[in-house]
Amino acid sequence: LGLGVTFSMVVGGLDLSIGSTAGLSVQLAAMTMVFYNLTGTTAVSVVLIGGVIVGVMNAVLIVVFKIPDLLATLGMMFVIQGVKLIPVFGQSVSSGMVLPDGSTAPGKFDDWFLQIDRGTLFGIPYPVIIMMVLVVASWFVLSRTSWGRKLYAIGANPEAARLAGVKVKLHHGLAYVVSAVFASIGGIILVSRIGQGDVSAGSSSLLEAVAVALVGTSVLGIGKPNAWGTLLGALLISIVLTGMTMMGTQYYHQDTAKGLVLIVALLLSYTVSRHKNRYVPAT
């Protein structure tokens, strides 16, 4: 999810619908397997297609109707939060659940689908492998391809990028499609972890995803969104929260800790940026 936010930040925006998109993915996967008795492979396909649709809708609102990124994705966030509850009748989806008509849901979660989060390869959990693959792919795209340079150019100065021949609207919109697809992948891992279509899934993910992406700008990018920085931001916040848990700190202190880490990272980022950009008059 943090990588998805990173792509939206690269083009100068912020995808606020990332958490609700992950929650929608959880419900889509659960419905596909439990309500319609289809395979886990079909569920993954449905979820990814759903992510692309959400990304395209965000892109249309932003680049066609020219709604500011924050407002467009905020509106989509509320729409998705409501839409994902309608087909599941406002309740969590689980194997053997009783439907409103009195019948029992015919399907169940595929065993291999549950292994997406619970399985390991050479002792390494699959989610870690998936994360590393996506981080490397994101780093390569953003740092080693012309498309990545175009995205950074759009984020820095869209008018200058347009004058340089960059198709600003197309690439701006594609960044939000990528963001939504990352959110869908996060949703797949999440539903595999909890083993049911929890109606509240993804609700708290937005703030954490934004936090790790913002922390990442100060770790390596010095004010520049980047994939490796986002990964290190996620690790930093996770280490802090895990340490607090091991020390027996109450759960309600964790949000304060995350906020303090974010504030310190942003202070370091913007202080260093101002220092580097300070004008020194000629003597």
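User: Why is arginine 193 called partly exposed?

Analyst: This is a predicted model, in which local features need pLDDT of at least 70 and side-chain atom pairs count only at pLDDT 80 or more, while totals for chains, interfaces and linings use all residues. Residues are numbered from 1 along each chain as its sequence is written, and side-chain values use heavy atoms, with hydrogens and water left out. Buried means under 20% relative accessible area, exposed over 50%, and partly exposed in between, with a 1.4 Å probe and protein chains only; arginine 193 has a relative accessible area of 47%, so the residue counts as partly exposed.

User: What makes the contact of aspartate 117 with arginine 193 a salt bridge?

Analyst: A salt bridge is a side-chain nitrogen of Lys or Arg within 4 Å of a carboxyl oxygen of Asp or Glu. The closest N and O atoms of aspartate 117 and arginine 193 are 3.0 Å apart, and the pair therefore meets the rule. This pair links distant parts of the chain, with aspartate 117 in helix H5 (residues 111-118) and arginine 193 in helix H9, 76 residues apart; helices are DSSP runs of H or I with at least four residues, numbered from the N terminus.

User: Is aspartate 117 buried or exposed?

Analyst: The relative accessibility of aspartate 117 is 13%, so this residue counts as buried.

User: How do you know that aspartate 255 and lysine 258 form a salt bridge, and where do they lie?

Analyst: Their closest N and O atoms are 3.3 Å apart, which satisfies the rule. Both residues lie in helix H12 (residues 254-276), three residues apart, about one turn of the helix. Aspartate 255, at 56% relative accessibility, counts as exposed, whereas lysine 258, at 15%, is buried. Glu208, Asp255 and Lys258 are linked in a network of salt bridges.

User: What makes the space lined by residues such as Glu208 a pocket?

Analyst: On a 1 Å grid over the protein atoms alone, a pocket is an open set of points with protein on both sides within 12 Å along at least five of seven lines, and lining residues have an atom within 4 Å of a point. By that definition the largest pocket has 30 lining residues, with Leu1, Arg193, Glu208, Ala234 and Ser238 nearest its centre. Helix H11 (227-246) is among the helices that each supply at least two lining residues, and H11 gives the most, with seven.

Notes:
1 Å grid on protein atoms, 1.4 Å probe; cavity = no way out; pocket = protein on both sides within 12 Å on 5 of 7 lines; lining within 4 Å.
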